[in-house]
Amino acid sequence: MELSELQKKCEECRACELWRTRTNVVFGTGDPDADIMFIGEAPGEKEDLSGIPFVGRAGQLFDRYLEAVGLDRGKVYIANTIKCRPPKNRDPDPEEQAACLGFLREQTRIIDPKMIVCLGRIAAYRIISPDFKISRDHGVFYERKGKILTAVYHPSALLRDPRKKDDMLADMMNIKKKADELKGIS
Ligand code: URA
């Protein structure tokens, strides 16, 4: 299946109730052939209104890290674990996450990135391990089925606690370095 076909299916999805309150499905943006795929949690208000992931305050901060380490937003792929905004930005509940996970799986299969970077604990819990502890395990590289998996702090966590920013920069620099190494061996 093509990414555009999957996006259409996602836009028509009624598997949970979030479609009733969302404005736009926030499917994902970037290069469909990206080496790095970033996966956040769920769309917020600005994302819901625009249909584009990470465009609000947290997204603007995230853009600064991409720029700081020399990653082009158009050459990576950015998506979320769930594609519709939960009302008032509440945490997505387990049923909503489970209902949406198939889209993320298929999206990841089509893009086939070399590295998956989880943005925050919710994505890391889903994608890396239920035992993942973001304060302890951020920046650690894991290998699964030929792909590198890692997680960094969610940009919203950096807005709440700027003391985490040094760790974020170090992790993002290592991610860029790792991506360059992976490119070198492929
Ligand atoms: N937070 C997320 O996890 N994803 C977005 O797209 C925006 C904010």
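Visitor: Why is R90 called partly exposed?
Guide: This is a predicted model, and the value is computed from its atoms. R90 has a relative accessibility of 34%. Buried means under 20%, and exposed means over 50%. R90 at 34% falls in between, so the label is partly exposed.

Visitor: What makes the pair E96 and R90 a salt bridge?
Guide: Their closest N and O atoms are 2.8 Å apart. The cut-off is 4 Å, between a side-chain nitrogen of Lys or Arg and a carboxyl oxygen of Asp or Glu. The pair therefore qualifies.

Visitor: How do you know whether E96 is buried or exposed?
Guide: E96 has a relative accessible area of 7%. Buried means under 20%, so E96 counts as buried. The bridge thus links a buried E96 to a partly exposed R90.

Visitor: How do D137 and R136 meet, and at what distance?
Guide: Their side chains form a salt bridge, 2.9 Å from N to O. D137 is at 10% relative accessibility, under the 20% limit, so D137 is buried. R136 is at 53%, over the 50% limit, so R136 is exposed.

Visitor: Which residue forms a salt bridge with R109?
Guide: E106 does, with the closest N and O atoms 2.7 Å apart. Both residues lie in helix α4, residues 94-111, three residues apart. That is about one turn of the helix. An α-helix has 3.6 residues a turn, so residues three or four places apart point the same way.

Visitor: How many salt bridges does the whole structure hold, and which residues form a network?
Guide: A search finds 14. D35, K114 and K183 are linked in a network.

Visitor: How do you know that R22 has no salt bridge?
Guide: The nearest side chain of opposite charge is D48, 6.4 Å away. The limit is 4 Å, so this pair does not count. R22 is nevertheless buried.

Visitor: Where is R22, and what is it in contact with?
Guide: R22 sits in the loop between α1 (3-11) and β1 (29-30). A polar atom of the R22 side chain lies 3.4 Å from the backbone oxygen of E11. Neighbours within four places in sequence aside, R22 is in contact with E11, R14, D48, C84 and R85.

Visitor: Why is I82 called buried?
Guide: I82 is at 1% relative accessibility, and the limit is 20%, so I82 counts as buried. I82 lies in the loop between β3 (77-80) and α4. Beyond four places in sequence, I82 touches several residues, including L18, P43 and P92. Its contacts also include E96, Q97 and C100, and these three are buried residues of α4.

Visitor: How does the reach of α4 compare with the span expected?
Guide: α4 has 18 residues and reaches 25 Å from its first C-alpha to its last. The expected span is 26 Å at 1.5 Å a residue, and the reach is close to that.

Visitor: Where does α4 bend?
Guide: At C100, by about 40 degrees. C100 is one of the buried residues of α4.

Visitor: What do the buried residues of α4 pack against?
Guide: They pack against α1, β2 (36-40), β3, β4 (115-119) and α5 (121-127).

Visitor: Which residue caps the N-terminal end of α4, and what takes a positive phi just after α4?
Guide: D93 is the cap: a side-chain oxygen lies 3.1 Å from the backbone nitrogen of E95. The polar-contact cut-off is 3.5 Å, so the distance fits. Just after α4, D112 takes a positive phi of about 50 degrees.

Definitions and conventions
Residues are numbered from 1 along each chain as its sequence is written. This is a predicted model: local features need pLDDT of at least 70, side-chain atom pairs count only at pLDDT 80 or more; totals for chains, interfaces and linings use all residues. Side-chain values use heavy atoms; hydrogens and water are left out. Helices (H or I, at least four residues) and strands (E, at least two) are DSSP runs, numbered from the N terminus. Buried means under 20% relative accessible area, exposed over 50%, partly exposed in between (1.4 Å probe, protein chains only). Lys and Arg count as positive and Asp and Glu as negative; His and the chain ends are not counted. A polar contact is a pair of N or O atoms within 3.5 Å; within protein, one must be able to donate a hydrogen and the other to accept it, and residues adjacent in sequence count only if both atoms are side-chain atoms. Contact means heavy atoms within 4.5 Å. The expected span of a helix is 1.5 Å times one less than its number of residues. The bend at a residue is the angle between axes fitted to the seven residues ending there and the seven starting there.
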